[in-house]
Amino acid sequence: MLAAVAAASMWFYVIGILRARQIAEAEAKQIPRGNLSDLYPRWLGARELLLHHRNPYSREVTLEIQEGYYGRQLDPSRPNDPKDQEGFAYPVYVVFLLAPLVGIPFPALLIIFYWSLVLLTAASVWLWLRTLRWRLPLMAIGGCMVLTLGSFPAVQGIKLQQLSLLVAALLAGSSACVAGGFLFCGGALLALATIKPQLAWPLVAWLLLWAVGDWRGRRRLVFGFGLSMVVLLGGAEIILPGWWRMFAEAIGQYRHYTHSQSVLEVMLNEIFGSAASGVAGRLGGQILAATAVLACVPVLWKLRRRAADASGLGCATALVLALTVLVVPMYAPYNQVLLLPAILLLAQERAMFLSRSRGRRLAYQAGAVLVGWQWVASLGLTAAYWLVSRDLAFRGWEWPFFATFALPVWVFALIFLYVKDETGRVQDLHS
């Protein structure tokens, strides 16, 4: 019941407060608002390529995408127009996943995809629990699903029809298959997840390293991934020769007009808060990201030979995905759905954290506060909206975002400490 109340408050906050504020701001500043669906640019590009043999990366298709996504083409002379051109900045083989959908009218497809993301996100909770070998009662699993669906990253991703949630479900399915011994299937799902390369490739690198750690027993994972990638890349080259050059150019343009930054860079920009914060934040963020990656390498190297259980594959996968959220040049909250396995693992091992030193206990409790803050804030704003003043609720619209950039850092630090300690403990037992 508490989970349902918290989730309901988050959905009301997003629809009744945050969205209402965004609409009012758009009207005041004449910012265009169309369907604002992340699926739309991919769907339109796939439709034009498969049905009309047009290049989805072309300027003409991009302008058509803008007419649906924003409601009109963007005008560079208008200072308040969005900078994101909404081009087809995905590998062209994403059209193979969308091919069954191109004949469906987009308004109907919105409803179908909306509920598909709800079901996939709920299923990913069960899949991560399978990966971590954590057996919970049905009521507890239901509570985890409700809280996940009521978290701000999931709500934002569902409302925007973000393909990040589809990728997160594919990664959860791949990890559960690998943990259950279905290695070829796990490799195939991993290949499909590369439709968003920046989110998938860190886990790809780890699972391939893990497979090489016991080649005879795990080579089916590599075969499943490799064969699927050959089919995807080969099929993409057939339907659009030279697509990879167009994709690379589209990515370069995307980074240019969005100035994409990592969570670490944005967080440091907020801390510095000066005219030089952009340069200092970018440099500092890159240094911290490199440090985090280098710190994880020896830990993952030690885990490469471990079996596919919670203390081996499960905890390493949670660490890699927490690292991914931290270092990829995309700070949008919906990407934080990838923190789910790390948060579940931290909840599973709460007794270990709470039995350690006072510093570890305080760090764990601070992490719990950061995870829970989003619901504390949404509950407070919902109560203010209905019981006090709508204006007060609208003025506090930023409250749920206060922990947005600190949460990935804290979760990564906690999961890194846990995995590092677990690796050392197992090595001591073996020695």
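In this predicted model, the side chains of Glu48 and Arg47 meet in a salt bridge, with N to O at 3.0 Å. Glu48 is buried at 4% relative accessibility, whereas Arg47 is partly exposed, with a relative accessible area of 24%. The pair is part of a wider arrangement: salt bridges that share partners join Arg47, Glu48, Arg54 and Glu64 into one network.

Side chains of opposite charge can pair when their charged atoms come close. The count for the model comes to 11 salt bridges. Three of the pairs are set out below.

| Pair | Closest N and O atoms | Relative accessible area |
|---|---|---|
| Glu48 and Arg47 | 3.0 Å | Glu48 4%, Arg47 24% |
| Glu25 and Arg21 | 3.3 Å | Glu25 28%, Arg21 25% |
| Glu86 and Arg42 | 4.0 Å | Glu86 7%, Arg42 3% |

The salt bridge of Glu25 with Arg21 has its closest N and O atoms 3.3 Å apart. Both residues lie in helix H1, with 4 residues, about one turn of the helix, between their positions. Glu25 is partly exposed at 28%, and Arg21 is partly exposed at 25%.

Glu86 and Arg42 form a salt bridge with the closest N and O atoms 4.0 Å apart. This pair links distant parts of the chain, 44 residues apart: Glu86 is in the loop between helix H3 (59-69) and helix H4 (94-98), and Arg42 is in helix H2 (residues 39-52). Glu86 has a relative accessibility of 7%, so it counts as buried. Arg42 is also buried, with a relative accessible area of 3%.

A further acidic residue, Glu265, belongs to helix H13 (residues 263-272). At 7% relative accessibility, Glu265 counts as buried. Leaving aside residues up to four places away in sequence, Glu265 touches Ser260, Gly281, Arg282, Gly285 and Gln286.

Backbone torsions come next. Most residues other than glycine have a negative phi, and most peptide bonds are trans. Gln30, which is not a glycine, has a positive phi of about 55°. Gln30 is placed in the loop between H1 and H2, and counts as exposed at 57% relative accessibility. Leu36 lies in the loop between H1 and H2 and has a positive phi near 50°. Leu36 is buried, with a relative accessible area of 19%; the cut-off for buried is under 20%. Gln161, just after H7, takes a positive phi of about 50°.

Helix H7 itself (residues 152-159) is mostly covered, with 7 of its 8 residues buried. The buried residues are Phe152, Pro153, Ala154, Val155, Gln156, Gly157 and Ile158. They pack against several helices: helix H1 (2-29), helix H5 (106-131), helix H6 (138-149), H8 and helix H18 (358-388).

One of those partners, helix H8 (residues 163-179), also meets helix H10 (residues 197-212): the two axes come within 11 Å and cross at roughly 10°. Angles under 35 degrees count as roughly parallel, and H8 and H10 are therefore roughly parallel to each other. On the H8 side the contact is made by Ser164, Val167, Leu171, Ser174, Ser175 and Val178. On the H10 side it is made by Leu199, Ala200, Leu203, Leu207 and Trp210. By class, the contact of H8 with H10 has 8 nonpolar and 3 polar residues, and no charged ones.

The last site is Thr404, in the loop between helix H19 (390-395) and helix H20 (406-430). Thr404 is buried, with a relative accessible area of 9%. The side chain of Thr404 reaches the backbone oxygen of Phe401 at 3.0 Å. Not counting residues up to four places away in sequence, Thr404 touches Pro333 and Gln336.

Conventions. Residues are numbered from 1 along each chain as its sequence is written. This is a predicted model: local features need pLDDT of at least 70, side-chain atom pairs count only at pLDDT 80 or more; totals for chains, interfaces and linings use all residues. Side-chain values use heavy atoms; hydrogens and water are left out. Helices (H or I, at least four residues) and strands (E, at least two) are DSSP runs, numbered from the N terminus. Buried means under 20% relative accessible area, exposed over 50%, partly exposed in between (1.4 Å probe, protein chains only). A polar contact is a pair of N or O atoms within 3.5 Å; within protein, one must be able to donate a hydrogen and the other to accept it, and residues adjacent in sequence count only if both atoms are side-chain atoms. Contact means heavy atoms within 4.5 Å. Axes are lines fitted to C-alpha atoms, for helices over the stretch in contact, and angles run from 0 to 180 degrees between N-to-C directions. Angles under 35 degrees count as roughly parallel, over 145 as roughly antiparallel, 65 to 115 as roughly perpendicular and the rest as oblique. Ala, Val, Leu, Ile, Met, Phe, Trp, Tyr, Cys and Pro count as nonpolar, Asp, Glu, Lys and Arg as charged, and the others, Gly among them, as polar.
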